[in-house]
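These are my notebook entries on one structure. I record below what I looked up, entry by entry.

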Amino acid sequence: MKKLNCDAVFRKHQARITSMRKGKVVGDCDKLVTWYKPKICPKGLSLDEFDALPSTITVREIYYYIFIPGFRTQRVSLITTLLDTTTYSTLEIVGLYGKRWDVELDLRHLKTTLGMDILRCKTPSMVRKEIYVYLLAYNLLRSLMWSAGTTYATPPLCLSLQGTRHHLNNFIPELLATASKKRLQIYCTLLKVIAHKAVSNRPGRNEPRVRKRRPKAYPLMTKPRHELRKQLQTA
């Protein structure tokens, strides 16, 4: 990672034991440890990549406990190459890793909010194009949220993506039917509406993993549709 001129923060593998007995303690639940290069090349690396690795690497190990109802993980052990405790405090590292949850929310928006959980194309090339279209639509919505937030001094991450989508769908007919001179005014109104529908801060929010609506009592489709039609016709 240092060779690539970048740093990292990630969860420690569960096979490694967390203990404050080894390493140099630099703070509460914070220490510097030395990792040694394995004697056998791992399967995920080529021999050239393995030989290029240093014999040892010094990393920073931080562990903390989570006391939030609904969270499955109780204890988290982090590894980072940000060794300077003055520049990067323990709480800042923990907060930085906590932002990883935003990635999970973004993936949920792609699959649930935008409906990418079910892909309808049949060939690999068309499936890739379908995914690209979803990513394009998602980035366009995010850029619209960014423009609204920066224009009206609202943090873009506090805006609702679903709300932005609904507002955009409501404004599209008027944007298409309006002359170009008035279109900019309507666009500014759209940004204002999006910015004033901010989502309130909900720290530690958790929701039950249940479905609101009961599924229909039909069996799953385990065969192509044309085969099922033939079965109905010959029954």
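**Entry 1: A153**

I began with A153 and note at the outset that the model is predicted. Is A153 buried or exposed? I find a relative accessibility of 75%, so A153 counts as exposed, the cut-off being over 50%. I place A153 in the loop between α4 and α5. Its phi is positive, about 55°, although A153 is not a glycine. In sequence, A153 comes after α4.

**Entry 2: helix α4**

I then turned to the helix before that loop. Helix α4 covers residues 124-151, which is 28 residues. From its first C-alpha to its last I read 41 Å, close to the 40 Å expected at 1.5 Å a residue.

Which residues of α4 are buried? I list E130, Y134, Y138, L141, L144, M145, A148 and G149. I keep in mind that an α-helix has 3.6 residues a turn, so residues three or four places apart point the same way. I also looked up what covers the buried residues of α4: the cover includes α3 (100-113), α5 (161-177) and α6 (180-195).

**Entry 3: α4 against α6**

For this pair I looked up the two usual descriptors, the angle between the axes and the distance between them. The packing angle of α4 and α6 is about 85°, and their axes are 8 Å apart. That angle makes α4 roughly perpendicular to α6, since 65 to 115 degrees is the range for that term.

Which residues meet across this contact? From α4 I record L144, S147, A148 and T151; from α6 I record Y187, L190, L191, I194 and A195. By class, the residues of the contact divide into 7 nonpolar, 2 polar and no charged.

**Entry 4: nonpolar cores**

How many residues does the largest nonpolar core have? I find 18, and those with the most contacts inside this core are L114, A148 and I194. The elements giving two or more residues to this core are α4, α5 and α6. Of these, α4 gives the most, with 6 residues.

Apart from this core I note another, of 8 residues, among them Y64, I66, V76 and Y97.

I followed I194 further. Leaving aside neighbours within four places in sequence, I194 is in contact with L144, A148, L159, T164 and H167. Both L144 and A148 are on my list of buried residues in α4.

**Entry 5: H109**

I located H109 in helix α3. H109 has a relative accessibility of 14% and therefore counts as buried, the limit being under 20%. With neighbours within four places in sequence left aside, the contacts of H109 are L114, Y138, R142 and L161. Among these, L114 has already appeared as one of the residues with the most contacts in the largest core, and Y138 as a buried residue of α4.

**Entry 6: C29 and D51**

Where does C29 lie? I find C29 in the loop between β2 (24-27) and β3 (30-36). C29 is not a glycine, yet its phi is positive, at about 55°. Its relative accessible area is 29%, so I enter C29 as partly exposed.

D51 belongs to helix α1 (residues 47-52). With a relative accessible area of 48%, D51 is likewise entered as partly exposed. I also looked up the separation of D51 and C41, which are 10 residues apart along the chain: their C-alpha atoms are separated by 8.6 Å.

Notes. Residues are numbered from 1 along each chain as its sequence is written. This is a predicted model: local features need pLDDT of at least 70, side-chain atom pairs count only at pLDDT 80 or more; totals for chains, interfaces and linings use all residues. Side-chain values use heavy atoms; hydrogens and water are left out. Helices (H or I, at least four residues) and strands (E, at least two) are DSSP runs, numbered from the N terminus. The expected span of a helix is 1.5 Å times one less than its number of residues. Buried means under 20% relative accessible area, exposed over 50%, partly exposed in between (1.4 Å probe, protein chains only). Contact means heavy atoms within 4.5 Å. Axes are lines fitted to C-alpha atoms, for helices over the stretch in contact, and angles run from 0 to 180 degrees between N-to-C directions. Angles under 35 degrees count as roughly parallel, over 145 as roughly antiparallel, 65 to 115 as roughly perpendicular and the rest as oblique. Ala, Val, Leu, Ile, Met, Phe, Trp, Tyr, Cys and Pro count as nonpolar, Asp, Glu, Lys and Arg as charged, and the others, Gly among them, as polar. A nonpolar core is a set of buried Ala, Val, Leu, Ile, Met, Phe, Trp, Tyr and Cys residues joined through side-chain atoms within 4.5 Å.
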